[in-house]
Amino acid sequence: MLEITVAELSQVHDLDLGATPWLEMTQDRVNTFADATSDHQWIHVDEERAADGPFGGTIAHGYLTLSLVPFLLKQLMVITDHGRGANYGLEKVRFTSAVPVGAEVRLAATVTQATMRDDGGVQYRVALRIEIMGEERPAMVGESIYVTYPVA
């Protein structure tokens, strides 16, 4: 795990953060997400019906996969003097492969750009790739944009 200060982060360009440990996509996690978002489409929650579907079983919601990014990113990088911050947005997010329940996923990430802001914060972009164990094609690719400020 990389430990970095806000000032150090402001100087970063194309910093490969590596990949997280693998995380199993469980049916319980999918069901909890379905309840939280009211998205109970059968392909996600009806194990019996999904067994006869196009993936041979239930799959994770694409947005569930995306929602794991903050949790996983914290395993790769910690801003040691982070006082406050925000998710600024997303760019080019694509769900390129289904994540079957029971599969293991991980995040591979690169800080592609960081810029010091006039208000003392740093805006930085992270290239994201959610990989599925044993699969060549990733589950998701995209870019997240964050803003962070040092402790005052």
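Student: Why is Glu91 called partly exposed?

Tutor: In this predicted model, Glu91 has a relative accessible area of 32%. Buried means under 20% and exposed over 50%, so Glu91, at 32%, is partly exposed.

Student: What makes the contact of Arg125 and Glu91 a salt bridge?

Tutor: Their side chains meet at 4.0 Å, N to O. The cut-off is a Lys or Arg side-chain nitrogen within 4 Å of an Asp or Glu carboxyl oxygen, so this pair counts as a salt bridge. The two residues come from distant parts of the chain: Arg125 sits in strand β7 and Glu91 in strand β5, 34 residues apart.

Student: How do you know that Arg125 is partly exposed?

Tutor: Good one to check! Its relative accessibility is 21%. Buried would need a value under 20%, so Arg125 counts as partly exposed.

Student: And what makes Glu143 buried?

Tutor: Glu143 has a relative accessible area of 14%, and the limit for buried is under 20%, so the label follows.

Student: How do you know that Arg125 forms a salt bridge with Glu143?

Tutor: The closest N and O atoms of Arg125 and Glu143 are 2.7 Å apart, and the limit is 4 Å, so the pair qualifies. Arg125 lies in strand β7 and Glu143 in strand β8, so the bridge ties together parts 18 residues apart in sequence.

Student: What joins Glu91, Arg125 and Glu143 into one network?

Tutor: Salt bridges that share partners join these residues.

Methods. Residues are numbered from 1 along each chain as its sequence is written. This is a predicted model: local features need pLDDT of at least 70, side-chain atom pairs count only at pLDDT 80 or more; totals for chains, interfaces and linings use all residues. Side-chain values use heavy atoms; hydrogens and water are left out. Helices (H or I, at least four residues) and strands (E, at least two) are DSSP runs, numbered from the N terminus. Buried means under 20% relative accessible area, exposed over 50%, partly exposed in between (1.4 Å probe, protein chains only).
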